[in-house]
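Dear colleague,

I am passing on the structure we spoke about, so that you can look at it alongside these notes. Please open it first and then read on, since what follows goes through it site by site.

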Amino acid sequence: MASSPTLPTTMRTSVLLKQQELTIEDRPVPTARAGEVLVEVAAVGVCGSDVHYYREGRIGDFIVDAPLVLGHELSGTIVGVGVDVDPARIGERVAVEPQRPCRLCRECRAGRYNLCSKMEFYATPPIDGAFCGYVTIQTEFAHAIPDSVSFEAAALLEPLSVAIASIRKAQIVPGSSILIAGAGPIGIITAQTARAFGASEIIVSDLIAAKRQRALKFGATRVIDPVAEDPATLGLDVNAFIDASGSARAVDSGIRSVRPAGTVVLVGLGNPEMILPVSHIQNLEITVTGIFRYVDTWPTAIHLVASGQVDLDSLVTGKFDLEHVAEALDSDRNDDSLKSIVYPN
Ligand SMILES: [Zn+2]
Ligand SMILES: [Zn+2]
């Protein structure tokens, strides 16, 4: 491996030992193998999935049964490269796409590498994430960012990628109308992305008044309190509905808010099983689908942020060092909190 001369041999690492129990360990700095780069981690966003692993020790079939390093939304600087990677990349500021597909299976060959059955995804058992000093990633998944994009925004290109994948699935084009349920980080970033893709009507529903107010600052053209008025009774007749809430009730009324031949994209993690209004879906020929992560979204994400169409820096409401990862993971208990960033170095 070629590397910058100042590289240490060990790095501090925040390790989830089991549910609700974090510790800090000194671990060896990894080595970039062929095709990989070594990234000194600058900023890591805290994601809802990290919080689920920390609090519940699992997400569906993914179970934390061995120590795990959390964190998969990250940026940093390349400090080392594998044998066959251009050493000129050392020193580049990058956003990391935190996944290692096999590249050989049927889904990878079809270009759907997010559906690779051999996927190694950061901070998903048993693959370690980025609450640590250094990580390795394939060189093509370390995306160079312009100087105008901060390390914090570069880390948040990961949730922006979720939003881009959702908006693509929802087939949003200039003039489209969309309903988004949930004004958490994904809902807010999705509203901004819908605006960037040309949606003319962006309706956001959330139970919490402060979150509805925030949605209006980030692209929503109208907000709805779903307790005061059920979106399904308002005749919204939108082209697409994206659920970023995980609530069965929101999903049901969202499906009933879509026009004939419209699209529903289920993004929120909540109930793994729900009752759906099947005859309504049949009679209106509504397409109901989900997304699983993303494919080839970073170039679009970098453009949206660098051109000022999506603002990620303003979403950051908390900053933590490696000793305070537990506080970072618990910051979502405060309604004013949106995105927390951990600085491992
Ligand atoms: Zn995430
Ligand atoms: Zn594969």
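I begin with C102, which is partly exposed, with a relative accessible area of 21%; please bear in mind throughout that this is a predicted model. C102 is one of the four residues that coordinate the zinc ion (ligand 2), and the full set of donors is C102 (SG), C105 (SG), C108 (SG) and C116 (SG), at 2.3 to 2.4 Å. The angles among the four donor atoms run from 105 to 116°, and the site of the zinc ion (ligand 2) is tetrahedral; for reference, the ideal angle for four tetrahedral donors at a metal is 109.5 degrees. Along the chain, the donors of the zinc ion (ligand 2) follow the spacing C-x2-C-x2-C-x7-C. Within this set, C102 lies in the loop between β9 (99–100) and α2, while C116 lies in the loop between α2 and β10, so that the pair links distant parts of the chain, 14 residues apart. In contrast to the partly exposed C102, C116 has a relative accessibility of 7% and therefore counts as buried.

The other zinc ion (ligand 1) has a mixed set of donors, namely C47 (SG), H72 (NE2), E73 (OE) and E158 (OE), which coordinate the metal at 2.2 to 2.6 Å. Which geometry do the four donor atoms around the zinc ion (ligand 1) give? The arrangement is irregular, because the angles that these donor atoms subtend range from 81 to 168°, whereas a tetrahedral assignment would need all angles to lie between 85 and 135 degrees. In sequence, the donor residues of the zinc ion (ligand 1) are spaced C-x24-H-E-x84-E, and both H72 and E73 are buried.

Turning to the rings, the structure holds two aromatic pairs. In one of them, Y113 and F141 are tilted, with 5.4 Å from centre to centre and 40° between the planes. Y113 sits in the loop between α2 (106–109) and β10 (120–121), and F141 in the loop between β11 (134–138) and β12 (142–144), so the pair ties together parts that are 28 residues apart in sequence. Y113 counts as buried because its relative accessibility is 15%, and F141 counts as buried at 8%. The other pair is formed by Y294 and W298, whose ring centres are 5.1 Å apart and whose planes stand at 75°, so this pair is edge-to-face; both Y294 and W298 are buried.

Two arginines are also placed over aromatic rings. The charged end of R93 sits over the ring of F151, at 4.4 Å from the ring centre, and R293 lies over the face of F121, at 3.8 Å from the centre of that ring.

For one polar contact, I would point you to Q192, which lies in helix α5 (residues 185–196). Its relative accessibility is 0%, and Q192 therefore counts as buried; the side chain of Q192 reaches the backbone nitrogen of D311 at 2.6 Å.

Some backbone features may be of interest if you intend to look at the torsions. P125 and P126 are joined by a cis peptide bond, with omega at about 0°, and P126 is found in the loop between β10 and β11. Q171, in the loop between α4 (157–169) and β13 (177–181), has a positive phi near 55° although this residue is not a glycine, and with a relative accessible area of 57% Q171 is exposed. D237 likewise has a positive phi, of about 55°, without being a glycine; D237 is found in the loop between β15 (222–224) and β16 (238–243), and at 41% relative accessibility D237 counts as partly exposed.

Finally, a record-based remark: an unreviewed UniProt entry carries the annotation "domain: Enoyl reductase (ER)" for residues 18–312. Over residues 18–312, the chain is 25% helix and 27% strand, and the C-alpha atoms at the two ends are 31 Å apart.

With best regards

Definitions and conventions: Residues are numbered from 1 along each chain as its sequence is written. Chains are lettered from A and ligands numbered from 1 in the order in which they are written. This is a predicted model: local features need pLDDT of at least 70, side-chain atom pairs count only at pLDDT 80 or more; totals for chains, interfaces and linings use all residues. Side-chain values use heavy atoms; hydrogens and water are left out. Rings of Phe, Tyr and Trp (its six-membered ring) pair if their centres lie within 6.5 Å; planes under 30 degrees apart count as stacked, over 60 as edge-to-face and the rest as tilted. Helices (H or I, at least four residues) and strands (E, at least two) are DSSP runs, numbered from the N terminus. Buried means under 20% relative accessible area, exposed over 50%, partly exposed in between (1.4 Å probe, protein chains only). A charge sits over a ring if NZ of Lys or CZ of Arg is within 6 Å of the ring centre and within 35 degrees of the ring normal. UniProt positions are given in the numbering used here, feature names are shortened, and annotations may be inferred rather than shown by experiment. Donors are N, O and S atoms within 2.8 Å of the metal (3.2 Å for Na, K and Ca); water is not among the atoms, so sites may look incomplete. Four donors count as tetrahedral if all angles lie between 85 and 135 degrees; four count as square planar and six as octahedral if opposite donors are over 155 degrees apart and all others between 65 and 115; anything else is irregular. A polar contact is a pair of N or O atoms within 3.5 Å; within protein, one must be able to donate a hydrogen and the other to accept it, and residues adjacent in sequence count only if both atoms are side-chain atoms.
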